[in-house]
Amino acid sequence: MQTSSDTPTAASGQYLTLRLGQEEYAIDILRVQEIRSYEEPTRMVNAPAFIKGVVNLRGVIVPIVDLRMKLDLDKVEYNEFTVVIILNVRGTVIGAVVDSVSDVVTLGADAIKPAPQFETTLDTRFITGLANVGERMLIVMNMEALMSNSEMGMLATAIS
């Protein structure tokens, strides 16, 4: 186990906490445009499986990414708590399907510890660090790295 020196450091600020499977994650609140209830998107031909499709959001066509599938997590059924977080990443609007959102927490840069590097299926380039909030362990996500990954296909060119 080692920490990576090329992993971006987290900034102090407010983070939206969300749940994917059994884990809690945090994303920079400044990336969040809005939170919407899940609606079935229009499927796109030849899109990767984690891109559920697109929705029309007030005249803007927004790709919808299922973060559980993107991160190779166990698939969970969509239910009344499933939401889409509308994000603005490098000027591109993207929707991220998550199991639920919890709250907004304020984290200081010193509270976010570097993520350990393991030989696992989870790509730790997408993780900025780990933070404890009371009894909760939050995985702080790097949404720019996650959403601009070359795997995103059609999104990669739009975001770059």
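Mentor: Buried means under 20% relative accessible area and exposed means over 50%, with partly exposed in between. Please keep in mind that the model in front of us is predicted.

Trainee: Which of these words fits R125, then, and why?

Mentor: R125 has a relative accessibility of 48%, and therefore counts as partly exposed. If you look for R125 in the structure, you will find this residue in the loop between β11 (116-117) and β12 (127-133). R125 and A145 are 20 residues apart in sequence, while their C-alpha atoms are 6.9 Å apart in space.

Trainee: How should I read a pair of aromatic rings, and how many aromatic pairs are there here?

Mentor: A pair of aromatic rings is described by two values, the distance of the centres and the angle of the planes. In this model the count comes to one aromatic pair. The ring centres of Y38 and Y78 lie 4.5 Å apart with the planes at 25°, so this pair is stacked, because planes under 30 degrees apart count as stacked. The pair links distant parts of the chain, 40 residues apart, since Y38 is in the loop between β4 (32-37) and β5 (51-57) and Y78 is in the loop between α1 (67-70) and β7 (83-89).

Trainee: Is Y38 buried or exposed, and what about Y78?

Mentor: Y38 has a relative accessible area of 19% and is therefore buried, whereas Y78, at 28%, counts as partly exposed.

Trainee: Which charged end sits over the ring of Y78?

Mentor: That is the charged end of R68, 4.8 Å from the centre of the Y78 ring. Likewise, the charged end of K70 sits over the ring of F50, 5.0 Å from the ring centre.

Technical notes
Residues are numbered from 1 along each chain as its sequence is written. This is a predicted model: local features need pLDDT of at least 70, side-chain atom pairs count only at pLDDT 80 or more; totals for chains, interfaces and linings use all residues. Side-chain values use heavy atoms; hydrogens and water are left out. Helices (H or I, at least four residues) and strands (E, at least two) are DSSP runs, numbered from the N terminus. Buried means under 20% relative accessible area, exposed over 50%, partly exposed in between (1.4 Å probe, protein chains only). Rings of Phe, Tyr and Trp (its six-membered ring) pair if their centres lie within 6.5 Å; planes under 30 degrees apart count as stacked, over 60 as edge-to-face and the rest as tilted. A charge sits over a ring if NZ of Lys or CZ of Arg is within 6 Å of the ring centre and within 35 degrees of the ring normal.
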